[in-house]
Amino acid sequence: MAANARPHSGADAPHHDDRAQPTGAYVAIAGIVVFLVAVLLDWVSTSGEDATSASGYETDTVIAFTAFLGVGLAVALGYALQRARRNQHRGLTLTTMAVGIAAVLLSLSYLLDAPGAFERGSDLETEVGAWIGLVGGIVWSVGAGLFAKEIEGDDHRSLDHGQTAHAGR
């Protein structure tokens with residue numbers, strides 16, 4: 001047996017925890033839920049004689065669409081946790097992170113200067129929903145990022161072989 005060869009079966013096989021830890025997925029799902037709740041809260045308001053406010057759902061359909069897309073991604077993450085070979089699918093996790101970042105940027109746009117204020121002809125003030133949406137988007141993105149760091153389809157045997165091959169150079 002060669003000096004670099006490692007047994008891969010039986011009692012002498014190295015133990016590898018091949019399943020992704022689900023913590024990041026659960027954090028991402030919690031962030032999605034927070035963002036979804038934020039959609040129901042006021043995102044903008046006007047002041048003056050005819051003061052009014054609007055929820056994220058009423059303000060812009062993109063806000064609601066982002067939340068609903070997040071719900072779909074949360075369901076898919078939950079399914080991957082149950083069915084994927086190592087508890088996750090890297091492409092799905094990275095997509096979840098990308099949409100979470102979009103949710104952060106969408107919320108930030110309302111906090112900095114509400115989009116569409118010029119066409120509506122009113123001075124819009126940001127309300128609590130945009131802040132909660134920002135928090136939800138950040139939690140969503142960070143959770144997906146943490147989950148993306150977990151093992152996906154990596155084959156430890158090929159990794160072990162690759163490391164020993166590179167060590168001899």
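Leaving aside its neighbours within four places in sequence, with which residues is A67 in contact? The legends below take up this question and others in a predicted model, one close-up view at a time.

**View 1. The surroundings of A67 in helix α3.** A67 has its place in helix α3, and with a relative accessible area of 0% this residue is buried. Once its neighbours within four places in sequence are set aside, A67 is in contact with F35, L36 and V39. The C-alpha atoms of A67 and V37 are separated by 8.8 Å, although the two residues are 30 residues apart along the chain.

**View 2. The aromatic pair of F35 and W140, and the aromatic pairs as a group.** The count of aromatic pairs comes to three. In one of them, F35 and W140 meet edge-to-face, with 5.9 Å from centre to centre and 70 degrees between the planes of the rings. This pair links distant parts of the chain, since F35 belongs to helix α1 (residues 23–40) and W140 to helix α6 (residues 128–148), 105 residues apart. Both F35 and W140 are buried.

**View 3. The aromatic pair of W43 and Y110.** The ring centres of W43 and Y110 are 5.5 Å apart and their planes stand at 90 degrees, so this pair, too, is edge-to-face, a class that calls for planes over 60 degrees apart. W43 lies in strand β1 (residues 42–46) while Y110 lies in helix α4 (residues 90–112), so the pair ties together parts that are 67 residues apart in sequence. W43 and Y110 are both buried. Together with F35 and W140, these two residues form one aromatic cluster.

**View 4. Helix α4 and the elements that cover its buried residues.** For the 23 residues of α4, a rise of 1.5 Å a residue leads one to expect a span of 33 Å, and the C-alpha atoms at the two ends are 33 Å apart, which agrees. The buried residues of α4 are L92, T93, T96, V99, G100, A103, V104, L106, S107, Y110 and L111. An α-helix has 3.6 residues a turn, so residues three or four places apart point the same way. Which elements are included in what covers the buried residues of α4? Among them are the helices α1, α2 (56–59), α3 (61–83) and α6, and also the strands β1 and β3 (125–126).

**View 5. The open sheet of three strands.** The strands of this open sheet follow the order β2-β1-β3, and their pairing is antiparallel. β2 (52–55) and β3 stand at the edges, each with a single partner strand, so that one side of each is left without a neighbour in the sheet. β1 is joined to β2 by four bridges, and to β3 by two bridges. Within the first of these pairings T46 stands opposite T52, and S45 has S53 as its bridge partner in β2; S45 also stands opposite E125 in β3. β1 and β2 form a hairpin with five residues between them, and in the turn G48 has a positive phi of about 110 degrees. Four of the five residues of β1 are buried, so this strand is largely enclosed by the rest of the structure.

**View 6. Helices α1 and α6 against the sheet, shown with the pairing of β1 and β2.** β1 and β2 run antiparallel and are joined by four bridges. Helix α1 packs on the sheet, where α1 touches β1 and β2, and its direction makes about 30 degrees with that of β1. Helix α6 packs on the sheet as well, touching β1 and β3, and the direction of α6 makes about 155 degrees with that of β1.

**View 7. S55 in strand β2, and L41 in the loop between α1 and β1.** S55 is found in strand β2 and, at 8% relative accessibility, counts as buried. Its contacts, leaving aside neighbours within four places in sequence, are V39, L40, L41, D42 and W43. Is L41, in turn, buried or partly exposed? L41 has a relative accessible area of 30% and is partly exposed. With its neighbours within four places in sequence left aside, L41 is in contact with A54, S55, G56, G129 and I132. The C-alpha atoms of L41 and V128 are separated by 7.1 Å, while the two residues are 87 residues apart along the chain.

Terms used
Residues are numbered from 1 along each chain as its sequence is written. This is a predicted model: local features need pLDDT of at least 70, side-chain atom pairs count only at pLDDT 80 or more; totals for chains, interfaces and linings use all residues. Side-chain values use heavy atoms; hydrogens and water are left out. Rings of Phe, Tyr and Trp (its six-membered ring) pair if their centres lie within 6.5 Å; planes under 30 degrees apart count as stacked, over 60 as edge-to-face and the rest as tilted. Buried means under 20% relative accessible area, exposed over 50%, partly exposed in between (1.4 Å probe, protein chains only). The expected span of a helix is 1.5 Å times one less than its number of residues. Contact means heavy atoms within 4.5 Å. Two strands pair if DSSP finds at least two bridges between them. Axes are lines fitted to C-alpha atoms, for helices over the stretch in contact, and angles run from 0 to 180 degrees between N-to-C directions.
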